[in-house]
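The exercises below are meant to be worked through with the sequence and the model open side by side. Each one sets a task and then solves it step by step.

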Amino acid sequence: MDNPIAVRLNALASLQLLDSKLDEIHRLRGSLPEEVSDLEDDLEGLITRRNRIEDDINKLKDSIKDKKNKIEEFSGQIKKYEEQQMNVKNNREYEALRKEIEYANLEILTSEKKIRQFNDQIEQKEDLLKETEKRVDDKRQELEDKKKELEVIIEDTKTEEKKLQSLIDEAAQSIEDRYLNGYRKIRRNMRNGLAVVATDRNACGGCFSIIPPQIHIELKQRSRLIHCENCGRILVDQSFFDDVMEKNFS
Ligand SMILES: [Zn+2]
């Protein structure tokens, strides 16, 4: 393990092993973080909807108050006109007041009709509000359960994750940027996140295509960085992984 290539391969194998272990933790958490954030969005949407319904109800109540004030105002006017009717000097004046009273009565009727309509609307909105509030409660509960589920998994794996992350940082530091970037690029392109693989019975451990005997000899010699001709992954001898396992996890 003295030649620089072997050292580099060893560092890459270490990094791969550690990254894979961290991937496994993230897989364990699965889609939970995403589900939590979806639920948070849903809840926010429902709360906005509930607030809007509450606003609507308050506006309707204000409108009813306005109409009631109007009715009171017109009732006052009617009373005033009726008193004036007692003291009119002629028929024309009486008739003019009668028309004013008629108009005021009509306004009162219209306002009363409006109030009934607003009350009907309030009743509908209150049903909707109740229904929406229940949905908010249910969603909140669902979110809390999901969060708890995620917290338990995070709690269980936190120490391991932390340890892995610091080992990953350490391993990454010992690799030249050029190789580190190459490794990460391959890793990003692989669904299973494997950029460094061991050979398995003369086949690439990533894509299982056969490795030519000459390459196999070179792998044993550890004389250069070799990529699988088929999938592009970095190939190493299984012994590298065994060494890393022994070093970090025994
Ligand atoms: Zn391959």
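Domain bounds, as used here, come from an automatic or database domain assignment. The structure itself is a predicted model.

**Exercise 1.** State which domains the assignment gives and how far apart the C-alpha centres of domain 1 and domain 2 lie.

Solution. Begin with the assignment, which gives domain 1 as 4-28 + 176-249 and domain 2 as 32-157. Then take the C-alpha centres of domain 1 and domain 2, which lie 67 Å apart.

**Exercise 2.** Check whether the end-to-end distance of helix α2 agrees with the span that its 55 residues should have.

Solution. Helix α2 covers residues 32-86, and the expected span is 1.5 Å times one less than its number of residues. On that basis α2 should span 81 Å, and because its end C-alpha atoms are 81 Å apart, the two values agree.

**Exercise 3.** Name the buried residues of α2, and work out how α2 and α3 are oriented to each other.

Solution. The buried residues of α2 are Ile53, Lys67 and Phe74, and the buried residues of this helix pack against α3 (91-173). Next consider the axes of α2 and α3, which come within 6 Å and cross at roughly 165°. Angles over 145 degrees count as roughly antiparallel, and therefore α2 and α3 are roughly antiparallel to each other. As a last step, note the hand: α2 passes α3 in a left-handed crossing.

**Exercise 4.** Describe the crossing of α1 and α6, and list the residues that meet there.

Solution. The axes of helix α1 (residues 4-29) and helix α6 (residues 238-249) come within 9 Å and cross at roughly 65°, and this crossing is right-handed. On the α1 side the residues are Leu9, Asn10, Ala13, Ser14 and Leu17, which meet Phe240, Phe241, Asp243, Val244 and Met245 in α6.

**Exercise 5.** Decide whether Glu44 is buried or exposed, and do likewise for Ile168.

Solution. Glu44 lies in helix α2, and because it has 11 other C-beta atoms within 10 Å, where 12 or fewer is the limit, it is exposed. Its C-alpha atom is separated by 8.8 Å from that of Val136, although Glu44 and Val136 are 92 residues apart along the chain.

Ile168 is placed in helix α3, and with 17 C-beta neighbours inside 10 Å it counts as partly exposed. Leaving aside residues up to four places away in sequence, Ile168 touches Leu15, Leu18, Asp19 and Leu22. The C-alpha atoms of Ile168 and Val36, which are 132 residues apart along the chain, are separated by 28 Å.

Terms used:
Residues numbered from 1 in each chain as written. Predicted model: local features only at pLDDT ≥ 70, side-chain atom pairs only at ≥ 80, totals over all residues. Helix = DSSP H or I, 4+ residues; strand = E, 2+ residues; numbered from the N terminus. Buried ≥ 20, exposed ≤ 12 C-beta atoms within 10 Å, placed from the backbone. Contact = placed C-beta atoms within 7 Å. Axes fitted to C-alpha atoms, helices over the stretch in contact; angles between N-to-C directions. Parallel < 35°, antiparallel > 145°, perpendicular 65-115°, else oblique. Left-handed = near helix turned anticlockwise from the far one by under 90°.
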